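Colleague: I should be grateful for a close look at the interior of this model. Please set out which residues meet there and how the surrounding segments are arranged.

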Amino acid sequence: TTPVRPTSARPLGFFALGAAIVFFSLGSTIVKKAGIPGPALAFWRMILTSLLWTGILYATERRFLTRAELRRALVPGIVFGLNITAFFTGVTKTSVANAELIGSLTPLILVPVGAIVFKEKINVRAVSFGIVSLVGLCIVLFNAPTNGAASWTGNIIVFGAMLLWSTYLVTSRRLRSGTMSVQAIMAAIMPIASVTVLPIAIVTGTIAKVTVHAVPYIVLLAVMTGTFAHGLIVFAQKSVPIGTISMMQVAQPALAVLWAFLILGQTINPIQVLGMALVMVGLAAVVTIT
């Protein structure tokens, strides 16, 4: 049977998820602005995030991780490290629009997985409005001005990152279903992810390719996405169904196009504005009826 979630926790869960989506939507633009190879960016961002979560755990619970907690977080930690490395690498090899479009395919995996693994009920009306959001998303991304940044190599790498992200959400959800706090989960996952990324950064010869220009962006990614956004996602998993999380994240690519316009100077066509409106209307309906 599906565990009963306190109704008071659901609004907080949706609020946390909304904030996480805004933070994540800025991520691909920040990666582009950093201008360094994906594995190097992923590794140093992960190291800094590990220190931040360890500090948060000690400040809130006056303790450090146990070996048992690290063992429980082993699989999601490894998958998370591979996901971040793949996404950061893919974004540098394809367009922001393509990367975000491919990343939005997670509902196609997570909605049925949520129903099968976690016995979450599939709300047909929510799925139908989720499709409305996907249509809007396609309008936004397929009408983006071509700039020659997209490549099949980057697209394939980002597709792999999407599969890894889906796996991470499922495996970390199991941790959240237990007794570990948000800060304990993240403090366990991040150092495991760092160790996972380290050999990739060494083998690719990119670990030392960090510029002065890139340092502020590494710090921003560590604080904004690595700490706040991922922490909020784990918090939301306690009260928001995993399928709903994946459907709400459809808003992320549309927002990413907006940030690309404001920060990178990319243009937005009028038809893309219509697509963004469809995305937000569909998601508002999903949240209301779920």
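Modeller: In what follows, two residues are in contact when heavy atoms of each lie within 4.5 Å. The model is a predicted one, and the values below were computed from its atoms.

The natural starting point is the largest nonpolar core, which has 74 residues. Those with the most contacts inside this core are Leu17, Leu41, Phe80, Phe88, Tyr168 and Met186. The helix that gives the most to the core is α9, residues 182-203, with twelve residues. The account can therefore be organised around this helix, since no other gives as much to the core.

Met186 belongs to the stretch covered by α9. Leaving out residues up to four places away in sequence, Met186 touches Trp53, Tyr168, Pro191, Gly226, His230, Gly231 and Val234. Among these partners, Tyr168 is itself listed with the residues that have the most contacts inside the core. Trp53 falls within helix α2, residues 38-61, while Gly226, His230, Gly231 and Val234 fall within helix α10, residues 215-236.

The packing of α9 against two other helices can be described by angle and separation. Helix α2 and α9 meet at an angle of about 155 degrees, and their axes are 8 Å apart. That angle makes the two helices roughly antiparallel, because the limit for this class is over 145 degrees. Their crossing is left-handed.

The second pairing is that of helix α4 with α9. Here the angle is about 50 degrees and the axes are 7 Å apart, so these helices are oblique to each other. The crossing of α4 and α9 is right-handed. On the α4 side the meeting residues are Leu74, Pro76, Gly77, Ile78, Phe80, Gly81, Leu82 and Thr85. Opposite them in α9 stand Ile189, Met190, Ile192, Ala193, Thr196, Val197 and Ile200. Phe80, named here, is also one of the residues with the most contacts inside the core.

Thr85 leads on to a polar detail within α4. Its backbone oxygen lies 2.7 Å from a polar atom of the side chain of Thr89, and Thr89 is likewise in α4, which spans residues 74-91. With a relative accessibility of 14%, Thr89 counts as buried, because the limit for that class is under 20%. Apart from its sequence neighbours up to four places away, Thr89 touches Gly38, Pro39 and Ile157.

Two further threonines, both in α10, invite the same examination. Thr227 lies in that helix and is buried, at 9% relative accessibility. Its side chain reaches the backbone oxygen of Ala222 at 2.9 Å. Beyond the residues up to four places away in sequence, Thr227 touches Thr49, Leu52, Trp53, Ile56 and Ala222. Trp53 is thus a contact of Thr227 and also a contact of Met186.

Thr225, also in α10, has a relative accessibility of 4% and counts as buried. The side chain of Thr225 reaches the backbone oxygen of Leu221 at 2.6 Å. Its contacts, neighbours within four places aside, are Phe23, Phe24, Arg45, Leu220 and His230. His230 is therefore a partner of Thr225 as well as of Met186. Pro191, another contact of Met186, is separated from Thr225 by 34 residues in sequence and by 16 Å in space, C-alpha to C-alpha.

A further helix pair completes the packing described here. Helix α5, residues 96-103, packs on helix α8, residues 152-176, at about 30 degrees with axes 9 Å apart. The contact is formed by Asn98, Ala99, Ile102 and Gly103 of α5 with Asn155, Val158, Phe159 and Met162 of α8. α5 passes α8 in a right-handed crossing.

Finally, α2 can be followed away from the buried residues. Tyr58 is in α2 and is partly exposed, at 40% relative accessibility. Tyr58 touches Arg63 and Phe64, not counting residues up to four places away in sequence. The C-alpha atoms of Tyr58 and Ile202 are 31 Å apart, and the two residues are 144 apart in sequence. Arg62 lies in the loop between α2 and α3 and is exposed, with a relative accessible area of 60%. Although not a glycine, Arg62 has a positive phi of about 55 degrees.

Key: Residues numbered from 1 in each chain as written. Predicted model: local features only at pLDDT ≥ 70, side-chain atom pairs only at ≥ 80, totals over all residues. Heavy atoms only, no water. Core = buried A, V, L, I, M, F, W, Y, C linked by side-chain atoms within 4.5 Å. Buried < 20%, exposed > 50% of the residue type's maximum accessible area, 1.4 Å probe, protein only. Helix = DSSP H or I, 4+ residues; strand = E, 2+ residues; numbered from the N terminus. Polar contact = N/O pair within 3.5 Å; in protein donor to acceptor, adjacent residues only side chain to side chain. Axes fitted to C-alpha atoms, helices over the stretch in contact; angles between N-to-C directions. Parallel < 35°, antiparallel > 145°, perpendicular 65-115°, else oblique. Left-handed = near helix turned anticlockwise from the far one by under 90°.
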